Amino acid sequence: MKKLLPVLIMLFLTGCNVRTLNPVSETGADQAFLIKLSFGIMMFVVAVVCVLFIIFTVKYHENDLNRKDIPKHEEGSRVLEILWTTIPFVLLAILAVPTVMYTFQASNTEAGSEDTLHVDVIAEQWNWTFAYENGKETHKELVLPVDREVVLHLKSTDVIHSFWVPRLIGKRDTIPGEENELKVTPDQTGTYQGKCAEFCGLGHTDMRFDTEVIPAEEFEEWLSEEK
Amino acid sequence: MEFSFNGKSVFVPTDVIAGWLSVLIITPIVLYIIIKNRYWSTILDYTTTTNHRKIGTLYILFSMLFFLRAGVDALFMRTQLLTPENEFWVFQGEKYNELFTTHGTMMIFFVATPILIGLMNVAVPLQIGANDLAFPYLNLVGFYLFLTGGTIFFLAFFFNAAPNMGWTAYAPLSTDSYTPGPNNNFYIFGLQVSGLGTIFAAINMMATIIRLRAPGLTLSRMPLFPWATLITSFLILIAFPVLAIALLLLQFDRLYDATFFLGELGHPVYWQHLFWIFGHPEVYIIALPAFGIFSDIISNFSRKNVFGYTSMVISLTLIGLLALMVWVHHMFTVGLGAFSNTFFAITSMLIAVPTGIKVFNWLFTMRRGVISMKAPMMFALGFIPTFVMGGVTGVMLSSAAADMQFHDSYFVVAHLHYVIIGSTILAAFAAIYYWYPIMTGKILDDTLGKWHFWLFLIGFHLTFFLQHLAGLDGMPRRVYEYTQEDGVWSYNFISSIGAYLMAVSMLFFLWNIIKTHRSGAKAGDDPWDGRTLEWSVPSPPPEHPFERMPVIDRRDMFWWSKINNKPLPVAKNPRPSPIARRTFQPMFLAGSLFILSFGFIYGWVWVQILGGILSLSTFVIRAFSDERTEAYKREEEENEQ
Ligand SMILES: [Cu+2]
Ligand SMILES: [Cu+2]
C-alpha cells in the first residue's frame, strides 16, 4: 500500500483540476512549479524511505528461525551517515534556489509601467471592497482585464484577513494599519473563486468573492459604467 | 433552548445542555464505580503523593481524558463537514469556531505536552537509575498547575463561553474589541496556569538528568529518551516564558484596555512573532520526546542497539537549536519582505537534514535485527512512514513562494496532523503499551493493541491524506462549510469516515485498559526483554528502586549483563535521594489559582483578591513547612543508634 501511494498521488494531481496547480497567471505558474518541484523531490525521499522500510521489516521480521538470535552490536556506519547527511543537502539546494528566486520575484510589487492597473482591496469583517482608480467600487466581485498588469493594494479596517484567489496567485494578508501589495497579470479570461484565508471571526467562511477576468475592451466599458 | 429564570429569559444552546446532561449521567456512574470498588484510598494516595511514577500516571490519565474531549470536538467538526452546505446540530458559525479553537488548544496544551511530561515522569528517573525526580514537591505542583489550567479551559464550554479565536489567538481578533466576553479569557488563564507547570516540569527534568544519574552513566551512555527529555527541557525553558509574556500582554489588552496588539502604538504582528517564537519550538517540544521514545522502542524490539547513537544525539541537539530560528515560516504571507522570508525558508529546510539522519538511523537500527511485532513496535513502525510524509510536506511548506498557496489551507491542516499525530500521538500510544507494566504492573493485551493500531493508522490516513488535495484545491482552514462547486466534497466525505474509524479504534484502546484491569495478567519483571535500566527493577517498581545504585560502564548495560549472565554491579554506598511524601499543599494552590483565574475571567474583583490571598498564602505555608522533616528525624534517630 505504501508503494502505491506516490502513484495514487500523481493520479490525483493530474486527474483532477486542482485549482492551485492550474494557474492563470505567471506568478501563479511559478508557485505551481515550486509545488510540483518540491513534491517531486520529496516523493523521491518518501520512496527511498518506504523501500528501505519494507525491505527491513520483511527481511528482519521475527520468525521461528531467528527467534533466539542475538543480533550483532553495530555502532553505526561512517559512510552511510555521510551519505544521508550530504544527499539531503543537495536535494534541498535544488529546491532552495528557485525558492529564493521566486520569493524575491513575488515580493517585487512595483508597477511595471504607467499602464498598470491599481485596485484597492479593502477587507473588513466580513466583506471585501474593491476600489478602482476612477472611484468605482464593487463588493462581491473583483473585475480585472486580461493580460494587463495589476497591483492590488491590500488593506484591512479591522482584524487580519487574507486575500486568496487560488487559481490566480497565492495569498497575502491584509493587516490593519498596514498596506500589503500583490502584483499579478492574469492571462486567461474566466471566473475564479476568491476567499479569505485568515480566520477572522464569525463570518470568515462566507467571506468569498469572484474574480472575473475579462477582455480589455470589455473591462474599459465595465469600468466607465455607472453603478 | 430558551429558559425563563427569575422572570428573565435565558438562552442556552442545546449542545451546552447536552454537555451538562452528560456530566449528570457520567458523574453518578463514576461515583458508583469508586464506591463499589473502594477506590478512595488509591485516589487519596495518587493525588497527594510526590512519587514520580504516580504523578506521571496521573498526567497520562488526565491527558487521555482531555484527548477524548478534544477528539469528540473533532468528530463534531468532521460531521459538520461531511457534505456540502451541511447543517449539523448547532455547529455552524460561532459554535464551529469554538469547536476548532477548543480542539486545537486542548490537543496541543492539554494532551500532547502533558502526556509526554507524564511519560518522562514515569520513565526518565528509572532509565537513569534515579530514585525520584530532583524536586518531588515541585513535580506535584507542576501536575496540579497542568490540571488546573486544563480544567479551567475544559469548563469554558459548560458556561457557554468556549474560546472562539483559533488556537493561535491572532490579534487583533483576540483582543476585546473584536471578541468581547469571557470566552477568550478562558484561553489566557488556562494556558497561563498550565504553562507555569510545564516550566516547573522542565526545570525538574533538567536537574534530575544532570544530577541524579547512576554512577558511570555518563551523558554519552544515556538512553535516547532521557536525552530527548533534556533537550526538550531546554526548549521549554526558552519557549514557554515567551508564551507567558504574550499571554500577559494579551490579558492587559483584553482586561485593562492596553494596546499592545492594536491601535496607534501596538501592532497585531507583534502577537504573531511572540506566539510563533513560542509556537515553533513547541512543535519540537512535543516531537523530540517522541523521537526519544521511538529510538528506545525500535532498539528494544529489534533486539539491537541504536544505530549511529552519536549522530542521533547530535541531530536531537541540532533540531533543538534550529527550532529556535524558524518561527517566521508561519508568517510568510504577512509581508515581512523577501529577505526575511528567504532566510527563514532556508533555516526551515535545514531542519530536514538532522530529521532525515534520525529516520535513516531508525531504519538501520532495524536492519540485521530481529524485529518483534508487539503492539509498541507496531506504533513505532507506523510512525516511520507517517512521520516522513508529514516531514516532506513540511519541506514543501518551507518554500516561501509556494507557501503563499499552502498557507492557511487544508494542506497545512493535513501537514500538522501528519507531524503531530505521526510523532507525538503514536509515540504516546507506543509508550503507554511499552511502559504500562511500569505504571501498573500489568500488561496490555497485544491483540487488542494491534486492532487499536491498525484501525487508528488506517483511519488517520483516510482522514488526513486527502486534506492535502482539498487544500491545494483552494479549501481554506477553519471554514464550517463548502459548496458543491468547490469540488472538495469527496475529500471531505472520506476524511470524515476516517475520523469515525479513529474514534472506533479508541474504543479498542479503552476496552483494552478495562479488560486488563479486570482480568489482565501480571506483567512480571522485564516483560519485553529490555535493554535499559527501567527494566532492571520489578514492575511496578517499589519506591526507591535503586537503593543500591547500579554502576554503569556502557550503553544498554542491563542488556549486556543479561547476555553475559552477570548481575549489574552495584555501588557500595547508597546515594541520598529525594523521598516521596504526602502533601495537600499543591492541591490547595490549585484551588486558589482556580478561584483567582475565574476572578479574572469574569472580572470579579473580590474573587480576584480572595484568590490572590489564598495563592500567596501557599507560599507562606510552604516557607514554614517541610514535608521531609519526619523522614529526616527518623534518619537521624537511626544514625544515633
Ligand atoms: Cu477570514
Ligand atoms: Cu513551525
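What arrangement do the 4 donor atoms around the copper ion (ligand 1) make? The close-ups below, all from a predicted model, start with that site.

**View 1. The copper ion (ligand 1) and its protein donors.** Here the ion is held in view with Cys196(A) (SG), Glu198(A) (O), Cys200(A) (SG) and His204(A) (ND1), which lie 2.1 to 2.5 Å from it. The angles subtended by the 4 donor atoms run from 88 to 125°, so the arrangement is tetrahedral. For comparison, the ideal angle for four tetrahedral donors is 109.5 degrees. Along the sequence, the donor residues follow the spacing C-x1-E-x1-C-x3-H. Both Cys196(A) and His204(A) are buried.

**View 2. The open sheet of chain A.** Lined up as E3-E2-E1-E5-E8, 5 strands make this sheet, and their pairing is mixed. At the edges you'll find strand E3 (137–138) and strand E8 (180–184), each with a single partner strand, so one side of each has no neighbour in the sheet. Zoom in on the E3 edge: strand E2 (residues 127–132) of chain A pairs with E3(A) in the antiparallel sense, over 2 bridges. Look for Phe130(A) there, whose bridge partner in E3(A) is Thr138(A).

**View 3. The largest cavity.** The structure has 9 cavities of 30 Å³ or more, and the largest holds about 70 Å³ of space. Its lining takes in 13 residues, and those closest to the centre are Leu217(B), Thr532(B), Leu533(B), Asp556(B) and Met557(B). As for character, the lining of the largest cavity is a mix: 6 nonpolar residues, 2 polar and 5 charged.

Definitions and conventions. Residues numbered from 1 in each chain as written. Chains lettered and ligands numbered in written order. Predicted model: local features only at pLDDT ≥ 70, side-chain atom pairs only at ≥ 80, totals over all residues. Heavy atoms only, no water. Donors = N, O, S within 2.8 Å, 3.2 Å for Na, K, Ca; no water. Tetrahedral: all angles 85-135°; square planar, octahedral: opposite > 155°, others 65-115°. Buried < 20%, exposed > 50% of the residue type's maximum accessible area, 1.4 Å probe, protein only. 1 Å grid on protein atoms, 1.4 Å probe; cavity = no way out; pocket = protein on both sides within 12 Å on 5 of 7 lines; lining within 4 Å. Points joined across faces, edges and corners; volume = space filled by probe spheres on them. Nonpolar A, V, L, I, M, F, W, Y, C, P; charged D, E, K, R; others polar. Pairing = 2+ DSSP bridges. Helix = DSSP H or I, 4+ residues; strand = E, 2+ residues; numbered from the N terminus.
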